[in-house]
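Hi,

Here is the structure I said I would pass on. Could you have a look when you get a moment?

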Amino acid sequence: SLTVSIQTTGYIFAIGDANTWVRANITGPVNFSVPAHASVAFPVGTSIIMDQMGAGTLSITGVANTATLENATAGYRTSAQYAQIAITNLATDVWSVAGSTKI
């Protein structure tokens, strides 16, 4: 089973977020960030699911652009309220982004 975490501000993922569901419950835009491997060493294969619980758009980025995010459409924001995004660590500082995203 997944642990569920609700965030109400911008958030940088921590090692405890590995294989969890993180919800953004905020009325305005919010940013969730993936830290560099040098700061938080997520194992390859780690996944984090997130969703836009509130009205504010959820964006996913790498902290200071240190993590590479791969997505077919370069969409790193949720497409609507309740949209879900999942990220999976493929290699050191490389994450795949999947889900209901937009540019």
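Below is a run through what turned up, going from strands to core to aromatics. Bear in mind that this is a predicted model.

**Strands**

Let me begin with strand 5 (residues 47-52), since it has partners to describe on two counts. Strand 3 (residues 20-24) runs parallel to strand 5, and 5 bridges join the two. If you want a spot to click on, Arg23 has Asp51 in strand 5 as its bridge partner. Strand 5 also pairs with strand 9 (residues 84-91), this time antiparallel, again through 5 bridges. There, Met50 is matched with Ile85 in strand 9.

Moving along, strand 9 and strand 10 run antiparallel and are joined by 6 bridges. Thr88 sits opposite Ser96 of strand 10. These two strands make a hairpin with 2 residues between them, where Asp93 has a positive phi near 60°. Strand 10 (residues 94-99) is also joined to strand 7 (residues 68-70), by 3 bridges and in parallel. Ser96 turns up again here, as the strand 10 bridge partner of Glu70.

**The core**

Which residues have the most contacts inside the largest nonpolar core? They are Phe13, Phe32, Val34, Met50, Ile60 and Ile87, in a core of 19 residues. At least two core residues come from each of strand 3, strand 4 (30-34), strand 5, strand 6 (58-62), strand 9 and strand 10. Strand 4 gives the largest share, with 3 residues.

Met50 is a good place to centre your view. Leaving out residues up to four places away in sequence, Met50 touches Phe13, Trp21, Val22, Phe32, Leu58, Ile60, Ala83, Gln84, Ile85 and Ile87. So among its contacts you will find Ile85, which is also its bridge partner in strand 9.

**Aromatics**

There are 4 aromatic pairs in the structure. In one of them, the ring centres of Tyr11 and Phe13 are 5.8 Å apart with the planes at 85°, which makes the pair edge-to-face because that angle is over 60 degrees. Both residues are buried: Tyr11 has a relative accessible area of 19%, and Phe13 is at 2%. For Tyr11, keep in mind that buried means under 20%. Another pair, Phe42 with Trp95, is edge-to-face too, at 5.4 Å between centres and 85° between planes. That pair links distant parts of the chain, with 53 residues separating Phe42, in the loop between strand 4 and strand 5, from Trp95 in strand 10. Phe42 is buried at 2% relative accessible area, and Trp95 is buried with a value of 2% as well.

Tyr11 and Phe13 also belong to an aromatic cluster, together with Phe32. Phe13 and Phe32 are both on the list of best-connected core residues above.

**One polar residue**

Last, a look at Gln7, which is part of strand 1 (residues 3-7). Is Gln7 buried or exposed? Buried, since its relative accessibility is 16% and the cut-off is under 20%. Its side chain makes a polar contact of 2.7 Å with the side chain of Ser5. Setting aside neighbours within four places in sequence, Gln7 is in contact with Val22, Arg23, Ala24, Asn25 and Phe32. Two of those names will be familiar: Arg23 is the residue bridged to Asp51, and Phe32 is in the aromatic cluster.

Cheers

Notes: Residues numbered from 1 in each chain as written. Predicted model: local features only at pLDDT ≥ 70, side-chain atom pairs only at ≥ 80, totals over all residues. Heavy atoms only, no water. Pairing = 2+ DSSP bridges. Helix = DSSP H or I, 4+ residues; strand = E, 2+ residues; numbered from the N terminus. Core = buried A, V, L, I, M, F, W, Y, C linked by side-chain atoms within 4.5 Å. Buried < 20%, exposed > 50% of the residue type's maximum accessible area, 1.4 Å probe, protein only. Contact = heavy atoms within 4.5 Å. Phe/Tyr/Trp six-rings, centres within 6.5 Å; stacked < 30°, edge-to-face > 60°. Polar contact = N/O pair within 3.5 Å; in protein donor to acceptor, adjacent residues only side chain to side chain.
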